[in-house]
Amino acid sequence: MNVRQRSLGDDLSVAFTRACRERDFAVADHLLSALEIIASREDEPGRLERAYLELAHWMCPQPDRSPAHMRHAVAIELQ
């Protein structure tokens, strides 16, 4: 069995996601800087792209588009 050891970048990505989820954007900013440094050393742009998308998701949340919400919105408009 071949078990891959988590890298520093993996741990930073997890911490970054948690900081975003907890809306601690000051910490997220520092973690993003660290992820950018790691990305400049490695040939793995996907991790950095995911971090930017994660940050955008939490800083610019989209309105609720769940099916239940949409049915409720349509019902209100029909009244």
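User: Where do I start with this fold, and what pattern does the protein chain follow along the sequence?

Analyst: Read from one end to the other, the protein chain runs α-α-α-α. That is four helices and zero strands. Keep in mind that this is a predicted model.

User: How many residues are there, and what share of them counts as buried?

Analyst: The protein chain has 79 residues, and 20% of them count as buried. You can also look at contacts along the sequence: taking those between residues at least 6 apart, 43% join residues at least 24 apart.

User: Let's take a helix pair. At what angle do the axes of helix 1 and helix 2 cross?

Analyst: The general idea is to compare the N-to-C directions of the two axes. Here helix 1 spans residues 8-21 and helix 2 spans residues 25-41; their axes cross at roughly 155° and come within 9 Å. Angles over 145 degrees count as roughly antiparallel, so helix 1 is roughly antiparallel to helix 2. As for handedness, helix 1 makes a left-handed crossing with helix 2.

User: Which residues of helix 1 and helix 2 meet?

Analyst: On the helix 1 side, look for Leu8, Gly9, Leu12, Ser13, Ala15, Phe16, Ala19 and Cys20; on the helix 2 side, they meet Phe25, Val27, Ala28, Leu31, Leu32, Ala34, Leu35 and Ile38. Sorted by class, this contact has 14 nonpolar residues, two polar ones and no charged ones.

User: Ala34 is on that list. Is Ala34 buried or partly exposed?

Analyst: Buried means under 20% relative accessible area. Ala34, which lies in helix 2, has 22% relative accessibility, so Ala34 counts as partly exposed. To see how sequence and space differ, pick Ala34 and Ser13: they are 21 residues apart in sequence, with their C-alpha atoms 9.6 Å apart in space.

User: Now the charges. How many salt bridges does the structure hold?

Analyst: Four. The general idea is to look for a side-chain nitrogen of Lys or Arg within 4 Å of a carboxyl oxygen of Asp or Glu. Try Arg6 and Asp11 to begin with: their closest N and O atoms are 2.7 Å apart. Arg6 is partly exposed at 49% relative accessible area, and Asp11 is partly exposed too, at 38%. Glu22 and Arg18 make another of the salt bridges, with an N to O distance of 2.7 Å.

User: What about Glu42, which residue does Glu42 form a salt bridge with?

Analyst: Glu42 pairs with Arg47, and their closest N and O atoms are 3.9 Å apart. Glu42 is partly exposed, at 35% relative accessibility, whereas Arg47 is buried, with a relative accessible area of 7%. There's a network here as well: salt bridges with shared partners join Asp10, Glu42 and Arg47.

User: One last feature, the backbone. What is unusual about the phi of Arg23?

Analyst: Start with the general idea: most residues other than glycine have a negative phi. Arg23 is not a glycine, yet its phi is positive, about 60°. To find Arg23, go to the loop between helix 1 and helix 2.

User: And how exposed is Arg23 there?

Analyst: Arg23 has a relative accessible area of 45%, so Arg23 is partly exposed. If you trace the chain yourself, you'll pass from helix 1 through the loop that holds Arg23 and on into helix 2.

Conventions. Residues are numbered from 1 along each chain as its sequence is written. This is a predicted model: local features need pLDDT of at least 70, side-chain atom pairs count only at pLDDT 80 or more; totals for chains, interfaces and linings use all residues. Side-chain values use heavy atoms; hydrogens and water are left out. Axes are lines fitted to C-alpha atoms, for helices over the stretch in contact, and angles run from 0 to 180 degrees between N-to-C directions. Helices (H or I, at least four residues) and strands (E, at least two) are DSSP runs, numbered from the N terminus. Angles under 35 degrees count as roughly parallel, over 145 as roughly antiparallel, 65 to 115 as roughly perpendicular and the rest as oblique. A crossing is left-handed if the near helix is turned anticlockwise from the far one by less than a right angle, and right-handed if clockwise. Contact means heavy atoms within 4.5 Å. Ala, Val, Leu, Ile, Met, Phe, Trp, Tyr, Cys and Pro count as nonpolar, Asp, Glu, Lys and Arg as charged, and the others, Gly among them, as polar. Buried means under 20% relative accessible area, exposed over 50%, partly exposed in between (1.4 Å probe, protein chains only).
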